Every structure is written in C-alpha cells, then in structure tokens.
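Got the model open in your viewer? Set it to cartoon, keep the selection box handy, and follow along.

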Amino acid sequence: MSFFENLKVDYKSGCLENYSGRKTTLENQYWYQEINVETIASKKLNKNIDIGIIGYVCEEGVQRNQGRIGTKNGPKAIRNQLGKVATHFKNKNIIDFGNIICVDNYLEDCHEAFSKSIAKIIQNKTLPIAIGGGHDIAYANFNGIKKALQQTAKRKIGIVNFDAHFDLRPVETVSNSGTPFNQILSENKNVDYFAIGIQQQANTKELFEIAKKLNVKYVTNFESETFSKDLKKKLSQFIEKVDYLYITIDLDGFSSAYAPGVSAPSPLGFSSQFAFAVLSFLLECKKVISVDIAEMNPEYDIDNTTSRLAARLVDFIVCNS
C-alpha cells in the first residue's frame with residue numbers, strides 16, 4: 001500500500017467478521033450492529049466519523065523488554081468481545097480502520113506506520129481509539145498526535161498513563177515496551193506526563209530518579225484505591241496547563257483480579273471502578289485527542305475477563321466522548 005511506502009509493515013483493513021453478538025431482529029442493540037469498516041488509506045473519509053478504531057498487532061516491543069509474548073493477538077480478542085457489548089450511545093459513526101501489523105523485528109517501521117495512521121484519523125477530526133499490542137504503542141500514538149498537530153506545534157500535550165510502570169527506561173540499544181515515555185519526554189519539550197497507579201515493587205530506584213529528573217507527576221497504586229479529592233485536584237491542575245490530552249491505558253495497571261490477561265499481572269493494581277471514575281473525569285474536559293489500550297495478552301486471560309474489560313473501556317470512551 002502506497003500509504004506505507006518504504007516501510008516494512010503489514011496492514012489489513014477493518015473486517016466485520018471480527019465482530020459478532022447475540023442475534024436480534026431489533027436494530028442498534030449491540031456493537032456488532034453499529035460498527036462499520038474502512039481502509040486507512042481511503043480517500044472517501046469524511047468529517048462525520050466520530051470514532052476511529054485501529055489495532056496495533058505487535059509484540060516485538062514486549063519481546064525486546066523480556067516480557068511474555070502474546071500481545072499481538074490483543075486487538076482480535078478485544079474486538080471479539082466488543083461486538084457483544086450492548087450499545088447505549090446515539091448518533092455515533094464508528095469506523096474500524098483495521099490493523100497495523102509488525103513484520104519480524106521491524107518495530108520502528110511499525111511505529112512509523114502506526115503514527116501515520118493516527119495522524120490521518122486525527123486530521124479527519126476523528127477520535128482514535130487504538131487497541132494493542134505492547135505499550136510501545138504509546139510512542140507511535142504520540143508521534144501520530146504530533147504529526148497531526150504540526151501546524152500548532154507550540155500547543156502543549158498532556159499524557160495521562162494508567163499503569164503499574166513508569167515505562168521510562170532509557171533506550172540502551174533499541175526501544176521497547178518499557179521505553180516509550182522516556183523517548184517522548186527526551187525528544188519533545190512541550191509535553192507533560194502524569195502516571196496513575198505506579199507500583200514501587202514494579203519500578204527500580206533508577207526509574208523513580210528518572211521520573212524526578214523529568215518532572216513526571218504520578219500517584220502510586222495505594223493512592224489509586226478511590227478517586228479522592230486530592231487526585232481530582234492534581235488532575236485538574238494538570239489538565240488546566242495542557243491544550244490536548246492523550247490517554248493511554250496499560251491493562252497491567254489493573255489488579256490481576258480484573259485483568260489477568262497481561263504480560264505483567266499484579267494483585268496490587270487498581271480496580272475497574274476506580275479507572276472508570278477517573279476516565280469519566282478526564283473525558284469531561286473535552287481536550288482528549290487520542291486514546292489507546294495496551295498490553296492485552298489473551299494467552300494468559302481467564303474466561304475472557306481482560307478482553308471484556310478492554311471492550312467495556314472502549315465502549316465507555318465512546319459513550320462519554
């Protein structure tokens with residue numbers, strides 16, 4: 001495809017067969033009845049698309065980070081559950097733009113292809129919801145936002161990351177799923193980063209030192225048990241200082257009781273009730289420019305618990321955007 005010319009990457013356009021649900025003679029009851037599909041390179045795109053779903057079929061970043069592989073199958077698992085979800089939103093035109101697929105170990109080409117796709121969706125005045133895939137999706141997503149905003153480069157972008165990990169590892173040889181926010185903060189000046197759910201046991205002293213050096217704002221998992229007035233105040237101050245908000249959700253930030261199907265599960269994560277409460281608050285500001293859900297690993301899921309959670313996150317974002 002010429003849209004990805006000179007990049008070693010595969011692409012498959014959206015497919016309705018990825019969605020299924022309870023059969024009914026009534027219309028507009030389930031997601032599988034609402035979703036439409038298109039190719040990312042289509043010249044038929046119009047400004048009436050509200051939400052663009054795009055998959056990041058890639059686990060190379062996780063493998064480089066010595067994590068448990070299986071995340072390349074995350075987008076398929078999420079779509080399979082999303083089709084079954086009952087719909088309560090109205091007048092939303094939702095398009096599935098298919099998958100960007102990593103070829104062999106060409107992660108950097110995959111990042112570039114994905115960022116081009118995100119940029120095109122945003123430039124179409126559409127909110128991207130990206131589903132992955134390793135958390136290195138964040139680096140590609142952010143670069144897509146930057147491409148889309150090149151005419152307004154002086155605007156500040158705020159990143160809110162739901163995660164057990166800072167993902168601030170320095171790039172020693174090649175980037176991976178543990179380096180995206182170090183890369184973003186090192187390469188860009190007009191960016192603020194707020195991490196929610198950081199677990200001390202999952203981050204080295206070096207990472208806390210890097211977070212301090214880069215002026216990263218964060219709350220720990222023990223501060224993420226309820227959506228407190230203090231956290232609401234911190235997020236309000238954070239949102240007030242930025243022009244755009246990019247939300248990235250690493251499913252390993254949730255307790256393994258809610259999300260066992262991830263590469264790095266933990267019993268110390270936050271609850272789904274907490275995450276949805278904070279997400280609702282963030283979406284109210286109307287500054288959200290892109291969202292992604294990362295680290296879905298169906299190889300380790302139990303009774304589709306994690307993929308169901310991810311699907312409901314997508315639905316919640318659509319309903320509240």
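The tour below goes stop by stop through two helix pairs and a few loop residues.

**Before you click**

What you have is a predicted model, in which local features need pLDDT of at least 70, side-chain atom pairs count only at pLDDT 80 or more, and totals for chains, interfaces and linings use all residues. Residues are numbered from 1 along each chain as its sequence is written, and side-chain values use heavy atoms, with hydrogens and water left out. Helix and strand labels follow DSSP runs counted from the N terminus (helices are H or I, at least four residues; strands are E, at least two).

**Stop 1: helix H5**

Select residues 137–148, which is helix H5. H5 has twelve residues, and the distance from its first C-alpha to its last is 17 Å, close to the 16 Å expected at 1.5 Å a residue; that expected span is 1.5 Å times one less than the number of residues.

Is H5 largely enclosed or not? Ten of its twelve residues are buried, so the rest of the structure largely encloses this helix. Here buried means under 20% relative accessible area, exposed means over 50%, and partly exposed lies in between (1.4 Å probe, protein chains only). To colour the buried set, pick Ile 137, Ala 138, Tyr 139, Ala 140, Asn 141, Phe 142, Asn 143, Gly 144, Ile 145 and Ala 148.

**Stop 2: add helix H6**

Now add residues 180–187, helix H6. The axes of H5 and H6 come within 8 Å and cross at roughly 30°. Axes are lines fitted to C-alpha atoms, for helices over the stretch in contact, with angles from 0 to 180 degrees between N-to-C directions. H5 and H6 are therefore roughly parallel to each other, a label given to angles under 35 degrees (over 145 is roughly antiparallel, 65 to 115 roughly perpendicular, the rest oblique). Their crossing is right-handed: the near helix is turned clockwise from the far one by less than a right angle, whereas anticlockwise would be left-handed.

Show side chains next. Ala 138, Tyr 139 and Phe 142 of H5 meet Pro 180, Phe 181, Gln 183, Ile 184 and Glu 187 of H6, where contact means heavy atoms within 4.5 Å. The residues of this contact are six nonpolar, one polar and one charged. Nonpolar covers Ala, Val, Leu, Ile, Met, Phe, Trp, Tyr, Cys and Pro; charged covers Asp, Glu, Lys and Arg; the others, Gly among them, are polar.

H6 itself is mostly covered, with six of its eight residues buried: Pro 180, Phe 181, Asn 182, Gln 183, Ile 184 and Leu 185. What do the buried residues of H6 pack against? Display H5, strand S6 (157–162), strand S7 (191–198), helix H7 (205–213) and strand S9 (244–250) to see those partners.

**Stop 3: Thr 179**

Thr 179 sits in the loop between S6 and H6. This threonine is buried, at a relative accessible area of 0%. Beyond residues up to four places away in sequence, Thr 179 touches Asp 167, Arg 169, Pro 170 and Val 171. Try a distance label to His 135 as well: the two C-alpha atoms are 9.0 Å apart, with these positions 44 residues apart along the chain.

**Stop 4: backbone oddities**

Go to the Gly 132 to Gly 133 peptide bond, which is cis, with omega near 20°. Gly 133 belongs to the loop between strand S5 (127–132) and H5.

Lys 125, in the loop between helix H4 (107–123) and S5, has a positive phi of about 65° although it is not a glycine. Lys 125 is exposed, at 66% relative accessible area. Asp 303 also has a positive phi, near 55°; look for this residue in the loop between S10 and H10. Asp 303 is exposed too, at 59%.

**Stop 5: helices H9 and H10**

Finish with H9 (residues 272–284), whose end C-alpha atoms are 18 Å apart, in agreement with the span its 13 residues should have. Add helix H10 (305–319). H9 and H10 pack at about 25°, with axes 11 Å apart, and are therefore roughly parallel. The contact uses Ser 272, Phe 276, Leu 279, Ser 280 and Leu 283 of H9 and Leu 309, Arg 312, Leu 313, Phe 316 and Ile 317 of H10. Seven of these contact residues are nonpolar, two polar and one charged.
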